Amino acid sequence: GGSAHLGFLRCAAFVEAAAAPALQKAYETRPDHALILTGHSMGGSVAALLALAWRDAAATNGEHPWPSFGGGVRVLGMAPGPCVSADLASLCDEFSVGAVRGKDPVARMSIRSVETLLDELVAQGLGRRLSSWLFGGERDAPPPREAGSLRHLDDPDDCAAGGDAVGGGGDGATDGGGGEGGAEAAAASTN
C-alpha cells in the first residue's frame with residue numbers, strides 16, 4: 001500500500017520502459033552485480049520509485065520489465081523531491097540514501113511545511129494586506145485552520161532540523177506527504 005505523486009510516477013514508468021533494453025543487455029554480461037540508480041532532484045525521486053517497483057516485483061515474483069540483478073537495487077538521490085507517503089518512505093530506508101544540502105526548499109517540502117507557511121502568512125496579516133492590494137477594500141481574515149485539518153502523512157519534525165542531511169529514504173529521499181501537493185495533486189496507488 002501507499003501513495004506516490006502521479007507526475008513522478010508517470011516519469012518513472014517512462015524511464016522504466018526506456019531503460020529496459022539497456023538493462024537487459026547489462027544483465028546478460030553482469031547478472032550478479034547490483035543495480036545502482038542515481039538522480040538529482042526529480043531524478044532522485046524517480047530513482048526511488050523505480051527501485052520500489054523493482055523490489056515489489058521481485059518480492060512478489062511479479063512481472064517487471066527489468067531483469068533481477070543478483071546484487072539487488074540501491075538508490076543514491078541528490079536533493080530528491082518528496083514523492084511518496086510515509087509508509088513507502090520507510091520502505092526506502094532499506095536501499096536508499098538521500099543527500100540534501102542546507103535548507104533546500106524542494107527536498108524539504110511537504111504538505112505540512114506548505115500549510116505551516118500559509119498559516120504563518122495569515123497570522124501575520126500578509127494575506128489580508130495582499131487581498132486588499134489585489135482586490136481593494138478590507139477583507140475579513142479567513143478563519144484559522146484547525147491543527148490536523150489535513151491528513152498529514154509525514155513527521156512534523158522532518159523539515160525542522162535544517163543544516164545538511166544525509167540519511168535513508170525518510171531523510172529527504174522521499175519525504176512522506178509531499179506526493180499529495182505540487183503541480184499534479186493527484187496521487188496514484190502503488191499496490
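This short talk walks through one protein chain, from the overall layout to a few single residues.

A word first: this is a predicted model. Let's start with the whole chain. The protein chain has 191 residues, and 37% of them are buried. Its accessible surface comes to about 10800 Å². Carbon and sulfur atoms hold 58% of that surface.

Now the elements. There are six helices and six strands. Read from the N terminus, the order is β-α-β-α-β-α-β-α-α-β-α-β. How do the contacts spread along the sequence? Take the contacts with a separation of 6 or more: 82% of them join residues 24 or more positions apart.

Next, strands 2 and 3. They run parallel, and six bridges join them. Two pairs are worth finding on the screen. Ile36 has Arg74 of strand 3 as its bridge partner. His40 stands opposite Met78 in strand 3.

Which residues of strand 2 point to the buried face? Leu35, Leu37 and Gly39 do. Ile36, Thr38 and His40 point to the other face, and they are not buried. Strand 3 alternates as well. Val73, Val75 and Gly77 share one face and are buried. Arg74, Leu76 and Met78 point the other way and are not buried. That is the general pattern: in a regular strand, side chains alternate between the two faces of the sheet.

Now look at the loops that follow. Ser41 sits in the loop between strand 2 and helix 2. Its phi is positive, about 60°, although Ser41 is not a glycine. Ala79 sits in the loop between strand 3 and helix 3. Ala79 is not a glycine either, and its phi is positive too, near 50°. Why point these out? Because most residues other than glycine have a negative phi.

Are these two loop residues buried or exposed? Ser41 has 25% relative accessibility, so it counts as partly exposed. Ala79 has a relative accessible area of 10%, so it is buried.

On to helix 2. This helix covers residues 42-59, which is 18 residues. How far apart are its end C-alpha atoms? They are 26 Å apart, and that agrees with the 26 Å expected at 1.5 Å a residue. Its buried residues include Gly44, Val46, Leu49, Leu50 and Trp54. Ala57 is buried as well.

What covers those buried residues? Among the covering elements are strand 1, at 3-5, and helix 1, at 6-29. Strand 2, strand 3 and helix 3 take part too. Just after helix 2 comes Asn61, with a positive phi of about 55°.

Last stop: Glu16, in helix 1. Glu16 is buried, yet it has no salt bridge. Where is the nearest side chain of opposite charge? That is Arg55, 13 Å away. What does Glu16 touch instead? Leaving aside neighbours within four places in sequence, Glu16 is in contact with Leu50, Ala53, His64, Pro65 and Trp66. Leu50 came up a moment ago, as one of the buried residues of helix 2.

To recap three things to look for. Find the parallel pair, strands 2 and 3. Find helix 2 and the elements that cover its buried residues, helix 1 among them. Then find Glu16, buried and without a salt bridge.

Key
Residues numbered from 1 in each chain as written. Predicted model: local features only at pLDDT ≥ 70, side-chain atom pairs only at ≥ 80, totals over all residues. Heavy atoms only, no water. Helix = DSSP H or I, 4+ residues; strand = E, 2+ residues; numbered from the N terminus. Expected span 1.5 Å × (residues − 1). Buried < 20%, exposed > 50% of the residue type's maximum accessible area, 1.4 Å probe, protein only. Contact = heavy atoms within 4.5 Å. Areas by Shrake-Rupley, 256 points an atom, 1.4 Å probe, with all protein chains shown as cover. Lys, Arg positive; Asp, Glu negative; His and termini not counted. Salt bridge = Lys/Arg side-chain N within 4 Å of Asp/Glu carboxyl O. Pairing = 2+ DSSP bridges.
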